[in-house]
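Here are a few exercises to help you find your way around. Keep the viewer open and try each task before you read its solution.

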Amino acid sequence: MTVPNGLTLARLVMTPWVVKRLHDNPRTWPTAAAFAFSDNFDGILARAGNTRPRLARLGFRTSEFGRKADPLTDKIFTAAVVSAGMHNGVIPVGLGAASLVQKAAASAVTLWNESRGVEMEVTTVGKRAEFATNMAYGVMFIATSLPPGQRQWVRPVAIAAGGAGVVAASYAAYTYFRDGRSSIPA
C-alpha cells in the first residue's frame with residue numbers, strides 16, 4: 001500500500017457520498033469540485049518518490065495498482081457525476097449519454113489493447129478532451145448557483161464545450177483502437 005494508492009482508494013470510497021450530495025442538491029458543487037481536484041494529488045505524490053528516495057521509502061511512489069486504480073476511480077466518479085447531473089437536469093441527457101458511451105468505449109479499447117500486451121499512452125487530444133468535457137460539466141453545475149441572467153448564456157456555452165469535448169474524446173478513443181490494432185505486442 002502506498003500513500004497515493006491510499007488517496008485513490010479514499011476517493012473511490014467517498015464517491016457515493018459526494019455524488020449523493022450532488023444528486024440531492026446541485027448547488028453542493030463546491031464539494032464535488034474539491035473532490036475532483038484532489039485527483040491531481042495522487043499522481044503528484046506518486047511521482048515525488050521518483051526523484052526523492054526518502055519519500056519513496058515512506059510510501060510516496062508509483063505502483064502498477066495505482067496506474068490501474070487511479071483512472072478507474074476517475075471514470076467511476078465522472079460517470080456517477082454525469083448520471084447525477086442528467087437525473088437532476090443539470091447535464092442534458094443526450095450529452096450525458098453520449099459522454100458515458102464514449103467513456104465506456106474508451107475503457108473497452110484500453111482493456112482490449114492491454115489484453116493483447118499493447119500499452120498505449122494517453123494522447124494530448126485525449127487529455128485535453130477529457131479536461132474540456134469535465135470542466136464543462138463543472139460549469140453546468142456552477143451555473144445552478146448563478147442568477148438567471150448569467151445562467152442563460154453560461155449554460156449553452158458549457159453545453160457546447162462539453163459536446164466538443166465528447167467529440168474530441170471519441171476521436172482519441174478511435175485513435176487508441178486504430179493504433180492498438182496495428183501494434184504488434186512486445
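Before you start, you need one cut-off: buried means under 20% relative accessible area, exposed means over 50%, and partly exposed is in between. Also keep in mind that this is a predicted model.

**Exercise 1.** Work out which class Glu 130 falls in, then do the job again for Lys 103, its salt-bridge partner.

*Solution.* Start with Glu 130, which has 26% relative accessibility. That value sits between 20% and 50%, so Glu 130 counts as partly exposed. Next comes Lys 103, at 8%. Because 8% is under 20%, Lys 103 counts as buried. Now look at the contact itself: the two side chains form a salt bridge, with 2.6 Å from N to O. Finally, see what the pair ties together: Glu 130 belongs to helix H7 (residues 124–143) and Lys 103 to helix H6 (residues 93–115). They are 27 residues apart, so to speak a link between distant parts of the chain.

**Exercise 2.** Find where Glu 64 and Lys 68 lie, and how many residues apart they are.

*Solution.* First locate helix H5, which covers residues 64–87 and holds both of them. Then count along: they are 4 residues apart, about one turn of the helix. Their side chains meet in a salt bridge at 3.7 Å, N to O. That pair passes the test because a salt bridge needs the nitrogen within 4 Å of the carboxyl oxygen. To finish, check the accessibility: Glu 64 has 47% and Lys 68 has 36%, so both are partly exposed.

**Exercise 3.** Round up some other salt bridges: which residue does Asp 179 pair with, and which residues are linked to Arg 11 in a network?

*Solution.* Go to Asp 179 and you'll find its side chain meeting that of Arg 178, at 3.0 Å from N to O. Asp 179 is partly exposed at 30%, and Arg 178 is partly exposed at 36%. Then move to Arg 11, which shares a network of salt bridges with Asp 70 and Asp 74. A search of the whole structure turns up 7 salt bridges.

**Exercise 4.** Pick out the residues of the nonpolar surface patch, and say which helix gives the largest share.

*Solution.* Highlight Trp 112, Val 125, Tyr 171, Tyr 174 and Phe 177: together they make a patch of about 470 Å². Now ask where they come from. Helix H8 (residues 148–182) supplies the largest share, with 3 residues. Tyr 174 lies in helix H8, and its relative accessible area of 45% makes it partly exposed.

Technical notes. Residues are numbered from 1 along each chain as its sequence is written. This is a predicted model: local features need pLDDT of at least 70, side-chain atom pairs count only at pLDDT 80 or more; totals for chains, interfaces and linings use all residues. Side-chain values use heavy atoms; hydrogens and water are left out. Helices (H or I, at least four residues) and strands (E, at least two) are DSSP runs, numbered from the N terminus. Buried means under 20% relative accessible area, exposed over 50%, partly exposed in between (1.4 Å probe, protein chains only). Patches are made of residues with over 30% relative accessible area and no salt bridge: like charges are joined within 9 Å, nonpolar side chains (Val, Leu, Ile, Met, Phe, Trp, Tyr) within 5 Å. Accessible areas come from the Shrake-Rupley method with a 1.4 Å probe; for residues, only the protein chains shown count as cover.
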